[in-house]
Amino acid sequence: MGDQELLDRLKDAVVQGDGKKIRKLAQETLDAGVDPYKALTEGCARGIEIASEKYCRNEMFILEIILSAEAMYAAFDVLKPCFKEKAEKGKVVLGVVGGDVHDIGKNVVKLLLEAAGFEVIDLGKNVPLKGFVEKIKETDADIVGMSAFMTVSILGMYEVIKMIEGEGLRDKVKIMVGGAPITQEFAGQIGADGYAKNGRDGVKVAEKLMMEKGGFTS
Ligand code: B12
């Protein structure tokens, strides 16, 4: 079976929320020599994006998306040990802003950042806004990544940025934002340094921000 066929099977298993089959499929994909990062991005992450798009077209129920996410996490378990990158590209504090419990997208971003060699301090979901600032101080983070999926919660990102400025940390930490309702324009308006529409681009943005900080080259 070719690489593309294996990746498609992984992607379809995520869309179908087939948690039973997916571990075996993920292992078969690795055994066939497919690049594990491709399995993550073009198999698993693509699968959950398709599930989300289907929900928007009323072709899937919410419970089915939850099953898709569970299947994706099961595949992550199998793929994760393949990423031996040292966490030396930079330190990222990542979380879903307060009032918002949508953490599937954030979890994808986390894994892709880790696979690319970033250390990720995961604050989880529904994070109190000051929690971001406290963690930045405590860990001396290079980047803070905020995720939001509801229009009511996206303003929390702006409040966090104001708090970062108020604490005199703005020159020390780069800020990136993402989530379904976020746009490049909104990111610019609130004063974030970077935005990405998906986890793959999120890694590129994080690398670019580290270069701007002078902390990562290549
Ligand atoms: C799954 C889901 C849920 C699940 C969440 C489970 C979980 N653990 O996450 C549950 C059932 C709990 C839920 C609850 C609710 N939900 Co809901 N939910 C969704 C749904 C269908 C999918 C979201 C998702 O996870 N997609 C999968 C990921 C992978 O999507 P993605 O965008 O491709 O992710 C990428 C990017 O966003 C980016 N990214 C994400 N974060 C970050 C961060 C950084 C730094 C970067 C760089 C990039 C980045 O990278 C990701 C990976 O590639 C969306 C619809 C939609 N299409 O978005 C509604 C949706 C977000 N929900 C909605 C609503 C209203 C609710 C509820 C209020 C419903 C209710 N009445 O109770 C509650 C809110 C609870 C709360 N307080 O948060 C609305 C929000 C409307 C709005 N604009 O405000 C949506 C849009 C549905 C709709 N059309 O009405 N929901």
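Contact means that heavy atoms lie within 4.5 Å of each other. The legends below describe a predicted model, in which local features need pLDDT of at least 70, side-chain atom pairs count only at pLDDT 80 or more, and totals for chains, interfaces and linings use all residues. Residues are numbered from 1 along each chain as its sequence is written, and side-chain values use heavy atoms, with hydrogens and water left out.

**View 1. Helix 1 packs against helix 3.** Helices (H or I, at least four residues) and strands (E, at least two) are DSSP runs, numbered from the N terminus. Helix 1 (residues 3–15) and helix 3 (residues 36–56) pack at an angle of about 35°, and their axes are 8 Å apart. Axes are lines fitted to C-alpha atoms, for helices over the stretch in contact, and angles run from 0 to 180 degrees between N-to-C directions. Residues of helix 1 in this contact include Leu7, Leu10 and Val14, and those of helix 3 include Ala39, Ile48 and Lys54.

**View 2. His102 binds the cobalt atom of the ligand.** The only protein donor is NE2 of His102, at 2.2 Å. Donors are N, O and S atoms within 2.8 Å of the metal (3.2 Å for Na, K and Ca); water is not among the atoms, so sites may look incomplete. His102 lies in the loop between strand 1 (91–97) and helix 5 (104–115).

**View 3. Polar atoms of Ser52 and Asp103 face nitrogen atoms of the ligand.** An N or O atom in the side chain of Ser52 is 3.0 Å from a ligand nitrogen atom. For Asp103, a polar side-chain atom lies 2.7 Å from a ligand nitrogen atom.

Definitions and conventions. Polar contact = N/O pair within 3.5 Å; in protein donor to acceptor, adjacent residues only side chain to side chain.
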